Amino acid sequence: MSPPGNLPYSPAGQVNAPTGVEGMFQQILQAVQQSQIQITELKNECKELRLANASLERQIREVQYNHYLSRTTTPGFMTPAPPSPQLRPAKLSPFLTHNPPLTLTVGPSEPSFRPSPLGDNAPTAFPFGTRDIPGFYVVIPAGGAGTRLWPLSREGHPKFLLDLTLKGRSLIQATWDRLLPLTSAARTTVVAGPGHVKAIHEQLPDLHAHNLLCEPGPKDSMAAIGLAAAVLAKRDPNAVIGSFAADHMISGDDAFLSAVAEAVEVAKKDYLVTIGIAPSHPSTGFGYVRLGEKLGLKEAPNARLVSSFKEKPDARTAASYIATGIYRWNAGMFVTKATFLLDLLKEYKPDLHDGLTKIAAVWDDETARQTMLNDVWNSLEKIPIDNAVAEPAAAEGRVAVVPATFGWDDVGDFSSLADLLPAEANQPRILGDGNLEQVAGGIVVPGSGRLITCLGVDDLVIVDMPDTLLVTTRARSQEVKRLVKKTGEAGWKHLL
């Protein structure tokens with residue numbers, strides 16, 4: 001027996017493992033210590049993997065941007081330093097000169113090439129005559145108060161009139177170009193306010209005058225789309241309409257056109273159809289669509305019922321939506337029969353339906369139209385189409401969704417715009433001309449002619465216009481709309 005307190009020795013003189021409670025405690029302690037070491041090693045490995053993954057993603061983005069730029073201009077690191085501002089013959093600007101676009105005459109057997117306003121800008125060939133959908137009418141609501149991208153956009157010149165990609169085409173022109181393969185100028189309608197009619201006619205010279213519907217004042221999307229539906233239903237009772245905002249940016253034209261064509265087939269079965277965008281991140285700035293059961297239509301194999309619409313969520317909820325895989329972004333695109341939309345409107349918002357149909361009944365008589373607008377328009381309810389008909393109809397199984405994979409953004413703030421503009425890694429996005437240094441990740445809009453130089457500041461939003469200067473951060477860019485309201489209240493409405 002060993003003396004008390006001494007560990008037993010083996011014949012070879014080595015210490016044996018302790019026995020009893022003390023031995024078990026030491027074994028547990030050693031296991032815990034070993035686990036802590038392994039956890040630390042795993043954490044380090046995870047950190048290294050995250051860094052490697054971030055580096056890989058950055059390299060992929062750089063390759064994509066370089067590929068994008070190689071088709072339109074030289075990459076940033078190959079671009080020569082800009083000359084003195086006084087010597088520049090032509091300054092890049094998001095404001096168009098309103099020159100008429102070049103019109104190409106395409107023969108029956110020639111392909112029509114229409115570049116995407118985003119993505120790699122690679123031309124997509126659409127064989128002439130094969131994409132056109134008979135009886136399909138495009139509706140482009142062109143509204144907005146110019147508050148989200150203020151002071152770049154203003155009440156009289158909202159973002160849909162701006163060239164935010166510096167390719168020479170505004171957002172509404174890009175929307176027109178994108179949708180024209182599915183329809184024609186005769187079947188494209190724009191709904192806008194009186195302050196934007198002249199600029200729209202200048203930017204869209206092929207738009208027929210009777211297809212530009214002027215609403216006296218903003219009443220949100222249901223009144224705008226409902227007015228177009230009522231007018232078009234009167235002109236063509238079998239019309240299938242598709243509503244697409246004038247100020248959204250889309251990449252992947254072929255995927256977009258395919259999704260719209262599929263939505264038209266579903267709409268013919270008496271559904272209100274939306275297009276659900278595959279989310280790239282858990283955004284808190286977009287609404288969501290919950291996918292329901294497949295419709296099983298041969299003509300539209302991807303179509304599903306809409307289980308429900310969800311308002312803009314918080315970050316935690318958005319992340320939970322993405323994790324399920326059954327949610328899509330609600331891009332506000334709707335395709336349906338004009339008469340079916342009016343039926344839904346009559347059921348859920350009868351007063352709004354009655355007012356719009358009264359206006360549509362006299363629309364082609366200019367005098368009677370103006371009298372009716374004066375009598376009816378101000379009394380119409382101001383409500384989005386989602387709340388007016390889409391949400392209640394979805395609860396009754398009358399709304400479908402076509403999940404789509406094309407890139408989409410509503411350019412809701414300067415942070416979103418920064419993500420859409422090409423730049424070198426850790427360099428600013430520049431919308432126009434500018435001399436800049438060490439402005440990582442931000443966006444600069446040099447619109448006043450002044451030289452802008454920045455040093456050692458990251459993620460800034462700098463918008464320098466002749467009459468106004470905005471400086472904020474990307475993280476707070478969604479608050480610009482609130483800032484515009486305060487600016488107006490403080491007596492600076494002439495700058496809005």
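**Exercise 1.** In this predicted model, does Glu 265 count as buried, partly exposed or exposed, and what is its relative accessibility?

*Solution.* Begin with the cut-offs, by which buried means under 20% relative accessible area and exposed means over 50%, with partly exposed in between. Glu 265 has a relative accessibility of 25%, so it counts as partly exposed. Next, look for a partner: Glu 265 forms a salt bridge with Lys 268, and the closest N and O atoms are 3.5 Å apart. Lys 268, with a relative accessible area of 39%, is likewise partly exposed.

**Exercise 2.** Find the loops that hold Glu 381 and Lys 349, and state how many residues apart in sequence are the parts that this pair ties together.

*Solution.* The two side chains meet in a salt bridge, at 3.3 Å from N to O. Glu 381 lies in the loop between helix 9 (366–376) and helix 10 (385–395), while Lys 349 lies in the loop between helix 7 (338–348) and helix 8 (350–361), so the pair ties together parts that are 32 residues apart in sequence. As for accessibility, Glu 381 is partly exposed at 35%, and Lys 349 is partly exposed at 22%.

**Exercise 3.** Describe the surroundings of His 248, and decide whether this residue is buried or exposed.

*Solution.* First locate His 248, which lies in the loop between strand 6 (240–243) and strand 7 (249–251). Its relative accessible area is 13%, so His 248 is buried. Leaving out residues up to four places away in sequence, His 248 touches several residues, among them Thr 175, Arg 178 and Asp 410. Finally, the side chain of His 248 makes a polar contact with the side chain of Trp 408, at 3.0 Å.

Key
Residues numbered from 1 in each chain as written. Predicted model: local features only at pLDDT ≥ 70, side-chain atom pairs only at ≥ 80, totals over all residues. Heavy atoms only, no water. Helix = DSSP H or I, 4+ residues; strand = E, 2+ residues; numbered from the N terminus. Buried < 20%, exposed > 50% of the residue type's maximum accessible area, 1.4 Å probe, protein only. Polar contact = N/O pair within 3.5 Å; in protein donor to acceptor, adjacent residues only side chain to side chain. Contact = heavy atoms within 4.5 Å. Salt bridge = Lys/Arg side-chain N within 4 Å of Asp/Glu carboxyl O.
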